[in-house]
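Reader: Please take me through one part of this model in close detail. Start with the packing around a single aromatic side chain, then work outward to cores, charged pairs and empty space.

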Amino acid sequence: MTAKIPRASSVTSADHEHTRTGTSPAALKAAFQDNLNYAVGRPLDISTPEDRYQAIALSVRDRIMQRWVKQVQRWNSPDLRQVSYLSAEFLVGPRLGKDLLNLGITENVRQAMAEMDLNLEQFVGLEEDPGLGNGGLGRLAACYLDSLAALGYPAIGYGIRYEFGIFDQIIKDGWQVEVTDKWLRYGNVWEIARPHFAEVVKLGGHTEPYVDEHGQYRVKWVPGRVVVGIPYDTPILGYRSNSCALLRLWSAEAAQSFDFADFNRGDYYGAVEEKVYSENISKILYPNDEQLQGKRLRLEQQYFFVACSIKDMIRLCLRRGLPLDRFHEMYCIQLNDTHPAIAIAELMRQLLDKYAMPWEQAWNITQKSFSYTNHTLLPEALEKWSLPLFAAVLPRHLEIIYEINRRFLDEVRIKFPGDEGKVARMSIIDEYGEKFVRMANLSVIGSHAVNGVAELHSALVKSQLFSDFYTLAPDSFYNVTNGVSTRRFIALSNSGLTRLIDEQIGEGWLTDLYRLKELETHSGNAGFQKAWSDVKRANKTRLAKIIHERTGITVDPSSLFDIQVKRIHEYKRQHLNILNIITLYHRLKSDSRLVITPRTFIFGGKAAPGYFMAKLIIKLINSVGEIINRDPDVRDLIKVVFLPDYNVKHAQNIYPAADLSEQISTAGKEASGTGNMKFSMNGALTIGTLDGANIEIREEVGAENFFLFGLTADQVVKRKAEGYHPADYYHGDTELKATIDLINSGLFSHGDTELFRPITNHLLYHDEYLLMADYRTYVDCQQEVDHAYSDPAHWTRMSILNVSRMGKFSSDRAVREYAEHIWHLEPLHEGE
């Protein structure tokens, strides 16, 4: 007989709580039943795990919406000042576990599920990881939204609702293969579409000057086509708070999705051509831009989401009854790198062309509204667009940029008369050879504040990247060292460690990370060290199981877990790590009596689809692992694992299991890094260079608790200036020579001596990231790691001290610094 679930009343009899808002097990059970029957439309006995996940998620969303609706009413004041965080990426990660944590109802939901013989962990594991970002940039944006919500700052994150996010990665024959990321295959239960707030976006066409009825010179933009942006809203709940931030993502649609005339003529493709063309804009994260069509699509993507967002801000400003000449009093608009930089020209276009403001007034409002975070020192990552492409896509914006540039360069010439070299460097238009629009220069010129994301990075921004701008306006430059969400990357990812810390120092440290300092006094306590080591061992055992399930490789949880997970790029130097592994392998093969600490080397990360060298590095990692893992002489001492499809969801199992964190980028190349912080917060020790936030982590945890190697940023510059010859290191270091020669011998490529030549030749004759120069200090430093790990009490004490001294690296601290120094923003306290 088919079981029937009676419809739950709106108020549960057990606790007199409303089904949509109550948090007792009884109320949550009733909510699940209601949502399963009446929102998902399935009875329990024939429902799928996905149906049940949707019912749980809807039940949690109801409780978030209760808080969001109340907050919207508080946000409707004309005097409210808020952050608009513009970012091309938001790597928010899975929502269910995080929102249960924030609401404080994890155990109650677990109990409610158990009463129906259901397992909450199964449904948490089912959740898709929205692929709305590529790496640290998008994850940082998500951490900041989390902190903005937790601290009560009014904030909207604006971005793109990519239908297909960053690709899913599979490994086939050692090579990365990109597979479509269908994260929306089952819909997204957390979002709400707002088609009534749709915005129309112009693209292409031409401009027409005219004189208005007041005799003023005006310009009309006649577009070649238009697309429609539909907003999708996701409230981001603060931790144990009634405060929410809002994530508003834009999806592109055609203004007219079907042409009956074309269809009736038999042109069936033409009938839907506009729909296909328009929807491509939000189809995929970062289209391959090696070809002109890809570059055009990427520019259209960036303009699409900032145009929708600026118009949305203007709409909200006017709806609250605030005149546009006070727009900058309502909004602090943060540019998360240069992807949204065109927003500066778009706000000017709106104020000039639609609202007929004088130039000086519009520019004053624009500069006071925007601030810019730089995330990279790599020249190739500073976006610039060819002039013909920019003119074809955004003709009116190019005219506005020309005028911004003309006025700005006049100021530069007055300040620095006769220095035309400085004028050329500071120009928004790159005049050298083919002309380009420099988006970084536009970002600096159009913003009242510019910040780097670590102390070293900010110093290099001022002394190297934007030195001319710093000379002109030094008070506009700031540092805000990155931070990460401890709620996701400790409390949610590492429940064992969270419980242990709660037991030792009490709760409350998740909102005041400096309280971890209280752990220091327990770092030498044998009983506490054992409990700490037990937590780490449990996390390593969990990851070992995942490794076996996903790769078939068996690893020993008692071995040292040496982990490097991040985007694959030459400057991040995953291949330096591999050189050390091959060196260690060669030592073991050459001396059967050699005693080492058993290690499991774990890699993860994605290479950009068009980045050949990064994809070859992935192949090398897997090929080295293939040989080492089946060699009976060494396989019980070292293992090499590449975990495919690294993302936020998988990271939550990786960070807690690490013993050693590899942060080995060339000094002066990594802006900050945030993975380094997440590893340290979970008790991993760091081996790294003096790069990015490594410097500040080392200062905080103590030099004695950090494994340092390599050239400094100044030494890198000096070495290159003196003439760097990487082959000299090859000839001068017998182990380095043996390692390179082993790769070239074909040992790791089934006898193919040419497969990895692009890597070895590049190292020998170019090596712009100075692997060869840093190789010896890195290999020697790894022996120091071996020695330290051989003393478990000493290692565990260092691990405890790393965690206890990580208070600085919370995203809460970073957001407070932005609010105080850049945004001049006060939090809304509950009840206001």
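Author:

**Packing around Phe 327**

Setting aside neighbours within four places in sequence, Phe 327 is in contact with Met 313, Ile 314, Cys 317, Ile 333, Leu 347, Ile 365 and Ser 369. This is a predicted model.

Phe 327 belongs to the largest nonpolar core, which has 216 residues. It is one of the members that touch the most other members. The others in that group are Met 113, Phe 390, Phe 707, Trp 795 and Trp 823. Helix α9, residues 292-319, gives the most to this core. Its share is 13 residues.

Another core lies apart from the largest one. It has 50 residues, among them Leu 101, Ile 501, Ile 547 and Phe 679.

**Charged pairs**

Next come the charges. Side chains of opposite charge can pair when their charged atoms come close. A search of the whole structure finds 60 salt bridges. Three of them follow, then a network.

Take Arg 42 and Asp 51. Their side chains meet in a salt bridge, at 3.2 Å from N to O. Arg 42 is partly exposed, with a relative accessible area of 31%. Asp 51 is buried, with a relative accessible area of 14%.

Now Lys 422. It forms a salt bridge with Asp 468, and the closest N and O atoms are 2.8 Å apart. Lys 422 lies in helix α15, residues 420-426. Asp 468 lies in helix α18, residues 467-472. The pair therefore ties together parts that are 46 residues apart in sequence. Burial means under 20% relative accessible area. Lys 422 has a relative accessibility of 8%, so it counts as buried. Asp 468 has 10%, so it counts as buried too.

The third pair is Lys 606 and Asp 645. Their closest N and O atoms are 3.0 Å apart in a salt bridge. Lys 606 sits in the loop between β19 (599-604) and α23 (612-629). Asp 645 sits in the loop between β20 (638-642) and α24 (648-654). These parts are 39 residues apart in sequence, so the pair ties them together. Both Lys 606 and Asp 645 are buried.

Salt bridges that share partners also build one network. It joins Glu 360, Glu 403, Arg 406, Arg 407, Asp 410, Arg 413 and Glu 420.

**Enclosed space**

Now the voids. The whole structure has 9 cavities of 30 Å³ or more. The largest cavity has a volume of about 140 Å³. It is lined by 13 residues. Closest to its centre are Val 92, Lys 98, Asp 146, Ile 236 and Arg 488.

Three elements each supply at least two residues of that lining: α3 (96-103), α6 (136-151) and β9 (225-237). The largest share comes from α6, with 4 residues. By class, the lining of the largest cavity has 5 nonpolar, 2 polar and 6 charged residues.

**An open pocket**

The second largest pocket holds about 1300 Å³ of space. Its lining has 39 residues. Closest to its centre are Arg 110, Ala 491, Leu 492, Ser 493 and Ser 495.

Several helices each give two or more residues to this lining. They are α3, α4 (106-114), α5 (120-126), α19 (486-492), α20 (495-505), α21 (526-551) and α24. Helix α3 also supplies at least two residues of the lining of the largest cavity. The lining of the second largest pocket divides into 12 nonpolar, 13 polar and 14 charged residues.

**Two backbone exceptions**

Last, the backbone. Most residues other than glycine have a negative phi. Two residues here depart from that pattern.

Asp 117 has a positive phi of about 60°, although it is not a glycine. It is placed in the loop between α4 and α5. Those two helices both contribute to the lining of the second largest pocket. Asp 117 is exposed, with a relative accessible area of 74%.

His 824 is likewise not a glycine, and its phi is positive, near 55°. It is found in the segment after α33, which covers residues 811-823. With a relative accessibility of 53%, His 824 counts as exposed, since exposed means over 50%.

Methods:
Residues are numbered from 1 along each chain as its sequence is written. This is a predicted model: local features need pLDDT of at least 70, side-chain atom pairs count only at pLDDT 80 or more; totals for chains, interfaces and linings use all residues. Side-chain values use heavy atoms; hydrogens and water are left out. On a 1 Å grid over the protein atoms alone, a cavity is a set of points where a 1.4 Å probe fits but cannot get out, and a pocket is an open set with protein on both sides within 12 Å along at least five of seven lines; lining residues have an atom within 4 Å of a point. Grid points are joined across faces, edges and corners, and a volume is the space filled by probe spheres set on the points. Ala, Val, Leu, Ile, Met, Phe, Trp, Tyr, Cys and Pro count as nonpolar, Asp, Glu, Lys and Arg as charged, and the others, Gly among them, as polar. A salt bridge is a side-chain nitrogen of Lys or Arg within 4 Å of a carboxyl oxygen of Asp or Glu. Buried means under 20% relative accessible area, exposed over 50%, partly exposed in between (1.4 Å probe, protein chains only). A nonpolar core is a set of buried Ala, Val, Leu, Ile, Met, Phe, Trp, Tyr and Cys residues joined through side-chain atoms within 4.5 Å. Contact means heavy atoms within 4.5 Å.
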